[in-house]
Amino acid sequence: MGFKYLLVVMSLWACSASMACKAPSDGLMRVRLKRRNLDIKSLSSARIKEVVSKNHLEADGVYLKNYLDAQYFGEIGIGSPPQSFKVVFDTGSSNLWVPSSKCIMSIGCIIHSKYRSKLSSTYKKIGTPCKIPIGRGAIYGFFSQDYVKIGDMIIRDQEFAEITKEGSLEFLAMHFDGILGLGFQNFSVGEVTPVWYNMIEQGHTGQKIFSLWLNQDPMAKIGGEIVFGGIDWKHFRGDHTYVPISRKGYWQIELDDIRLAKDSSGLCEGGCSAIIDSGKSLIAGPTSIVAQINHAIGAEGYVSFECKNIVHTYGDTIWKFVTSGIRPEIVCVDLGLCSRNGSHSPTKNEFIETVVDNEAWGETGTRESPFCTFCDMIVLWIQVQLKQRNAKEKILKHVDELCEKLPNPIGQSFIDCNSISTMPPITFMIGNKAFPLSPQQYVLKVEEGCSTVCYGGFVALDVHPPQGPLWVLGDLFLGAYHTVFDYGNLRIGFAEAV
């Protein structure tokens, strides 16, 4: 009896001490995640961009970002015997990549674990070169094939990228070794089959789903958990609200509205989209709405003299145009601030820059000035205020105040830590259901020396139609809501996390 008890204790200890443990009865594979605390440098450097390619049928945007604000990562093994790597499980990308032992001339590779093909008995050479965009640059390498170990699960013959050159400074600053993409194959560089596709194909998961829980307690030993093949009922309460994937290629859904306290932001009347991204900590959205949020929560450190100048110069005229029934999309054209009539189409290597990068694309692919973007925002703000039946003087004053809250191109919004309890909730309407974020959930507290600095968790991302308006819901949102990624039914589900 004592020997059997000892065996049980040893088995339980081995399971809890490992990176992930597969429960023998439920057929689920659990991967425990670790969490790192963000610092000011990481937050200030976090950026998101959108690459656009056009063909004669439609524009397909490719979502680009850096990973400097990524908080959650887990451990995997590549090769036989497994070589250990810390990776971000990223629903916003599709490739698996890690540094290669052949990366000898890049500083970033020195400080990260490197894959050594000579030490693996299951390695197969492919050798096809690849370039993976990351942030404002790219990393370079070649494709290889080997076994990948995730928890107790071994995925055979998985193609992945060995990185040999980091052409991006973001790679040097990463606190992990690589990325394991959980996105769709059609946006995988080189059309490589993603790891989780092979999990399904090789029979490792009972259902074509994976679920994500992120622990918001910074003091907890377990940072979160990904469950492949099912759901862990301990991590949420109530039922999941499911909504369909709106754009195959990303875990992207439609938003009904974004509300500040109880008021609609007014942006999603024509439709909004959101990418659900576990590789980002922050929440990104259109500058016009981020400015409204900053105003509502009292964010400081944001001043745009260009925006205020447009209000002072054209405010009365914009008011007259909007109230006289002129279509909002041509108001700024009539003022000469927008063109919207160019013929140039951006190439695959050109970018839609956010307002904080001082330029944007027009709907027809024309490079627009920031004055056009500011004017469009002012028109939207006036429309929202008119629906609340406010007087002209009050509306223009409010718009002027919103200009003061426009995102700073090189930093985040400072929040008074003592005012968090009085800030309003920010609510995302999804599938006709409200998903509110409390100020405790959308404000980031960062320890700086002997003091605590509070930041707003919202950053600017301006993407024009047909791809936008676009939001990116990162870990601040995913920490509040347990999320199910249902590949079998092409849908995503959200429930309150516990």
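In this predicted model, I110 is exposed, with a relative accessible area of 61%. The residue lies in helix α3, which covers residues 107–110. I110 also belongs to a nonpolar patch on the surface, formed together with I107 and I111. The accessible area of these three residues together is about 330 Å².

A contrasting picture is offered by helix α6, made of residues 287–297. Of its 11 residues, 9 are buried, so the helix is largely enclosed by the rest of the structure. A residue counts as buried when its relative accessible area is under 20%. The buried residues of α6 are T287, S288, I289, V290, A291, Q292, I293 and N294, together with I297. After α6 comes G298, a residue with a positive phi, near 75 degrees.

Strand β5 is another element that is mostly covered: 6 of the 8 residues in the run 83–90 are buried. This strand pairs with β4 (residues 72–78) in the antiparallel sense, over 5 bridges. The two strands form a hairpin with 4 residues between them, where G79 takes a positive phi near 100 degrees. β5 also pairs with strand β10 (residues 178–181), here in the parallel sense and over 4 bridges. A good residue to follow through these pairings is V87. In the pairing with β4, V87 is the bridge partner of G74; in β10, the residue standing opposite V87 is G178.

Next come the cysteines. A disulfide is a covalent bond between the sulfur atoms of two cysteines. The model holds 4 disulfides, and three of them can be followed here one by one.

The link between C268 and C272 has an S to S distance of 2.1 Å. The torsion about its S-S bond is about -105 degrees, so this disulfide is left-handed. Both C268 and C272 are buried.

For C332 and C375, the S to S distance of the disulfide is 2.0 Å. Their link is left-handed as well, with -95 degrees about the S-S bond. This pair connects distant parts of the chain, 43 residues apart: C332 sits in helix α8 (residues 328–334) and C375 in helix α9 (residues 370–387). Like the cysteines of the previous pair, C332 and C375 are both buried.

The disulfide of C417 and C454 has its sulfur atoms 2.0 Å apart, and this link is right-handed, with 120 degrees about the S-S bond. C417 lies in the loop between β22 (414–415) and β23 (426–430), while C454 lies in strand β26 (residues 451–456), so the pair ties together parts that are 37 residues apart in sequence. The two partners have unlike surroundings: C417 counts as partly exposed at 29% relative accessibility, whereas C454 is buried, with a relative accessible area of 1%. One further cysteine, C130, is buried too, with a relative accessible area of 8%.

Charged side chains add another layer to the picture, with 9 salt bridges found in the whole structure. One of them joins D232 to K234, whose closest N and O atoms are 2.9 Å apart. Here D232 is buried, with a relative accessible area of 4%, but K234 counts as exposed at 57% relative accessibility. These two residues are also part of a network of salt bridges that links them with R30.

A second salt bridge is formed by R259 and D257, with 3.7 Å between the closest N and O atoms. R259 is partly exposed, at a relative accessible area of 33%, while D257 is buried, at 10%. In a third, E329 meets R327, and the closest N and O atoms are 2.7 Å apart. Both partners are partly exposed in this case: E329 has 37% relative accessibility, and R327 has a relative accessible area of 48%.

Finally, D277 shows an acidic side chain in contact with the backbone. The residue is placed in the loop between β17 (272–276) and β18 (283–285). At 0% relative accessibility, D277 counts as buried. Its side chain reaches the backbone nitrogen of G279 at 2.7 Å.

Methods:
Residues numbered from 1 in each chain as written. Predicted model: local features only at pLDDT ≥ 70, side-chain atom pairs only at ≥ 80, totals over all residues. Heavy atoms only, no water. Buried < 20%, exposed > 50% of the residue type's maximum accessible area, 1.4 Å probe, protein only. Pairing = 2+ DSSP bridges. Disulfide = S-S within 2.5 Å. Polar contact = N/O pair within 3.5 Å; in protein donor to acceptor, adjacent residues only side chain to side chain. Patch = residues over 30% accessible without salt bridge, like charges linked within 9 Å, V, L, I, M, F, W, Y side chains within 5 Å. Areas by Shrake-Rupley, 256 points an atom, 1.4 Å probe, with all protein chains shown as cover. Salt bridge = Lys/Arg side-chain N within 4 Å of Asp/Glu carboxyl O.
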